[in-house]
Amino acid sequence: MITTDTCPSCLTRGIPAAKERRRGLHIAHGYICRCGHRWATARLISAYPTRKAA
Ligand SMILES: [Zn+2]
């Protein structure tokens with residue numbers, strides 16, 4: 001699963017998640033932008049569609 005986000009500091013799009021951590025029903029992604037800004041987002045795991053491995 002590749003997740004990306006937009007940097008809230010310099011607005012660069014498509015920053016890939018550097019860390020992924022599950023906590024209960026939420027999954028948190030940590031991002032580190034090229035500009036040095038760091039932030040994290042948390043989402044419900046159920047928001048992601050489940051895919052079957054081919
Ligand atoms: Zn940035």
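Q: Before the zinc site, what counts as a donor here?
A: Donors are N, O and S atoms within 2.8 Å of the metal (3.2 Å for Na, K and Ca), and since water is not among the atoms, sites may look incomplete. The model is predicted, so local features need pLDDT of at least 70 and side-chain atom pairs pLDDT 80 or more, while totals for chains, interfaces and linings use all residues. Residues are numbered from 1 along each chain as its sequence is written, and side-chain values use heavy atoms, leaving out hydrogens and water.

Q: Okay, which residues coordinate the zinc ion, and with what spacing?
A: The SG atoms of C7, C10, C33 and C35 coordinate the zinc ion at 2.2 to 2.3 Å, and along the chain these donors follow the spacing C-x2-C-x22-C-x1-C.

Q: And why is the arrangement called tetrahedral?
A: Because the 4 donor atoms subtend angles of 104 to 117° around the zinc ion, and four donors count as tetrahedral if all angles lie between 85 and 135 degrees.

Q: Is C33 buried or exposed?
A: C33 is buried, because its relative accessibility is 5%, where buried means under 20% relative accessible area, exposed over 50% and partly exposed in between (1.4 Å probe, protein chains only). C10, at 36%, counts as partly exposed.

Q: Switching topic, where does H29 sit, and what does its side chain contact?
A: H29 lies in strand β3, residues 26-32, strands being DSSP runs of E of at least two residues, numbered from the N terminus. The side chains of H29 and E20 are joined by a polar contact of 3.1 Å (a pair of N or O atoms within 3.5 Å; within protein, one must be able to donate a hydrogen and the other to accept it, and residues adjacent in sequence count only if both atoms are side-chain atoms).

Notes
Helix = DSSP H or I, 4+ residues; strand = E, 2+ residues; numbered from the N terminus. Tetrahedral: all angles 85-135°; square planar, octahedral: opposite > 155°, others 65-115°.
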